[in-house]
Amino acid sequence: MASIILYIIKSETYLRTVDGIIAASLKKGPLVYVNASKPYSWMKRHLGEVGIDESRVFFIDCSGSRADGKPRVEPSNVLFLEGPLNLTSLSIAIGKAIERVSPNGALFLDSLTVLALYNDAGTVSKFANFIFTRLRSLDVSGVILGIEVPSGTLLIEEISALADEVKRV
């Protein structure tokens, strides 16, 4: 049975924690990695530098890194969205992507805290509930990241109630 784990991390350990989660998830199966803060090109380079093979990762880049509208050849393992404001587009993209990795894969959403910078907390909470329900219906595991910040406490508490497990790192 798939589970949904909420990691609440300190900003100082962010990158090291993300690397560890990606590496551990890939040992179990393919991964859909949603990133709202770092562009795909940066993450691809970084994962290579730390020895993580990104070929089994499907990236959803909603950092806005391709918001300039210039046509480019996109790699087959990445989907670029305009930015973190449109949670409806993000929900649709996640839904399609997790069907590709079902049932042995996982979704890694990085991070709810960044999404809450662009959207109100209530909207992000509803978005998380929708994603959690979708993951459970497809029996796909989820790793959700929340960065520990004083202003995000209420959102993290709400999301904690929806997750199967909460880990503070």
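Reader: Which residue of β6 stands opposite Ile5?
Author: A word on the ground rules: this is a predicted model, where local features need pLDDT of at least 70, side-chain atom pairs count only at pLDDT 80 or more, and totals for chains, interfaces and linings use all residues. Residues are numbered from 1 along each chain as its sequence is written, and side-chain values use heavy atoms, with hydrogens and water left out. Strands β1 and β6 run parallel and are joined by six bridges (strands pair if DSSP finds at least two bridges between them; strands, E, at least two residues, and helices, H or I, at least four, are DSSP runs numbered from the N terminus). Across from Ile5 in β6 you'll find Val143.

Reader: And which residue of β5 stands opposite Val143?
Author: Let's look at the pairing of β6 with β5. Those two strands run parallel, joined by four bridges. Opposite Val143 stands Phe108.

Reader: Why is β6 said to be largely enclosed by the rest of the structure?
Author: It comes down to burial, and buried means under 20% relative accessible area, with exposed over 50% and partly exposed in between (1.4 Å probe, protein chains only). Strand β6 is largely enclosed because, of its seven residues, the number buried is six.

Reader: How many residues of β2 are buried?
Author: Side chains in a regular strand alternate between the two faces of the sheet. In β2, Leu31, Tyr33 and Asn35 on one side are buried, and so are Val32 and Val34 on the other. The strand, residues 31–35, is therefore largely enclosed by the rest of the structure, and its buried count is five of five.

Reader: What is the bridge partner of Tyr33 in β3?
Author: Strand β3 covers residues 57–61 and pairs with β2 in the parallel sense, over five bridges. The two strands and helix α2 (residues 40–49) form a right-handed β-α-β unit; right-handed here says that, with the strands pointing away from the viewer, the path from the first strand over the helix to the second runs clockwise. Within β3, the bridge partner of Tyr33 is Phe59.

Reader: Which residue in β5 does Asn35 stand opposite?
Author: β2 also pairs with β5 (residues 106–110) in the parallel sense, over five bridges. One such link puts Val34 with Leu109 as its bridge partner. As for Asn35, the residue opposite in β5 is Asp110.

Reader: Which residue is joined to Asp110 by a cis peptide bond?
Author: Most peptide bonds are trans. Here, though, omega is about 0° at the bond after Asp110. The partner lies in the loop between β5 and α4 (112–118), and that partner is Ser111.

Reader: What is the phi of Asp139?
Author: You'll find Asp139 in the loop between α5 (121–138) and β6, partly exposed at 37% relative accessibility. Most residues other than glycine have a negative phi. Asp139 isn't a glycine, yet its phi is positive, at about 55°.

Reader: How far apart are the C-alpha atoms of Ser91 and Phe130?
Author: Ser91 lies in helix α3 (residues 87–101) and is buried, at a relative accessible area of 14%. Leaving aside neighbours within four places in sequence, Ser91 is in contact (heavy atoms within 4.5 Å) with Phe127, Phe130 and Ile131. Ser91 and Phe130 are 39 residues apart along the chain, and their C-alpha separation is 8.1 Å.

Reader: Which element gives the largest share of the lining of the largest pocket?
Author: A pocket is found on a 1 Å grid over the protein atoms alone, as an open set of points with protein on both sides within 12 Å along at least five of seven lines, and lining residues have an atom within 4 Å of a point. This one is lined by 20 residues, with Ser25, Lys28, Ala106, Ser141 and Val143 nearest its centre. The elements giving two or more lining residues are β1 (4–9), α1 (14–28) and β6 (141–147). The largest share, five residues, comes from α1.

Technical notes
1 Å grid on protein atoms, 1.4 Å probe; cavity = no way out; pocket = protein on both sides within 12 Å on 5 of 7 lines; lining within 4 Å.
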